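Please read the following walk through a single protein chain with its sequence and coordinates open beside the text. The account moves from individual residues to the chain as a whole.

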Amino acid sequence: MSRRRTGYGGYALAVLLISIGVDGILVSTGYVEPLILVSIPLLFLGLYTIVFSKMAGDWRYYLVWGLVLSIMGASLMLTLVTGNPVLNFSIALIIMVITWLIISRKKD
């Protein structure tokens with residue numbers, strides 16, 4: 001009997017459902033800040049994708065997308081601190097492009 005390994009999709013779905021559960025807990029306790037509720041799934045899925053990139057054959061692809069998701073989640077979350085989502089997304093964009101350039105130049 002062979003064991004099927006769950007790939008990225010199965011665990012990503014689990015991470016997404018857990019983060020939605022965390023959102024549900026926050027909403028049920030009366031916390032309804034929309035930026036935080038949207039940022040939690042993005043941040044969790046991005047961090048999972050970064051961790052998954054360590055085991056993936058196409059690690060650059062997963063690393064870049066993990067960074068995109070987690071940086072977008074973090075920039076939404078930081079809007080509560082800075083009060084300026086345009087500033088956060090602009091800084092996130094700069095970080096993503098610089099990271100992509102570094103990763104794309106790196107040899108296997």
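S75 has a relative accessible area of 4% and is therefore buried, given that the term applies under 20% relative accessible area. In this model, which is predicted rather than determined by experiment, S75 lies in helix α3, the element that spans residues 59-82. Once residues up to four places away in sequence are set aside, the contacts of S75 are with N88, F89 and A92, so that a reader who centres the view on this serine can pick out those three partners, each of them with heavy atoms within 4.5 Å.

A second serine can be followed in the same manner. S39 belongs to helix α2, which runs over residues 34-53, and because its relative accessibility is 0%, S39 counts as buried. Leaving out residues up to four places away in sequence, S39 touches G73, L76 and M77. These three partners carry numbers that fall within residues 59-82, the range of helix α3, and thus the contacts of S39, a residue of helix α2, lead back to the helix in which S75 is found.

The surface offers another point of entry. Where does I20 sit, and is this residue buried, partly exposed or exposed? I20 is part of helix α1, made up of residues 8-28, and because its relative accessibility is 46%, I20 counts as partly exposed, a class that lies between the limits of 20% and 50%. Together with L13, L16 and L17, I20 makes a nonpolar surface patch of about 360 Å².

These local views can now be placed in the whole chain. The protein has 4 helices and 0 strands, and the order along the sequence reads α-α-α-α. Taken along the principal axes, the box filled by the C-alpha atoms is roughly 45 × 40 × 10 Å. Of the 108 residues, 28% count as buried, S75 and S39 being among them. When contacts with a separation of 6 or more are considered, 58% of them are made by residues 24 or more positions apart.

The accessible surface of the protein amounts to about 7400 Å², and carbon and sulfur atoms account for 71% of that area. As for charge, the protein carries 8 positive and 4 negative charges, and the mean positions of the two sets are 15 Å apart.

Definitions and conventions: Residues numbered from 1 in each chain as written. Predicted model: local features only at pLDDT ≥ 70, side-chain atom pairs only at ≥ 80, totals over all residues. Heavy atoms only, no water. Patch = residues over 30% accessible without salt bridge, like charges linked within 9 Å, V, L, I, M, F, W, Y side chains within 5 Å. Areas by Shrake-Rupley, 256 points an atom, 1.4 Å probe, with all protein chains shown as cover. Salt bridge = Lys/Arg side-chain N within 4 Å of Asp/Glu carboxyl O. Helix = DSSP H or I, 4+ residues; strand = E, 2+ residues; numbered from the N terminus. Buried < 20%, exposed > 50% of the residue type's maximum accessible area, 1.4 Å probe, protein only. Lys, Arg positive; Asp, Glu negative; His and termini not counted. Charge placed at Lys NZ, Arg CZ, Asp CG, Glu CD.
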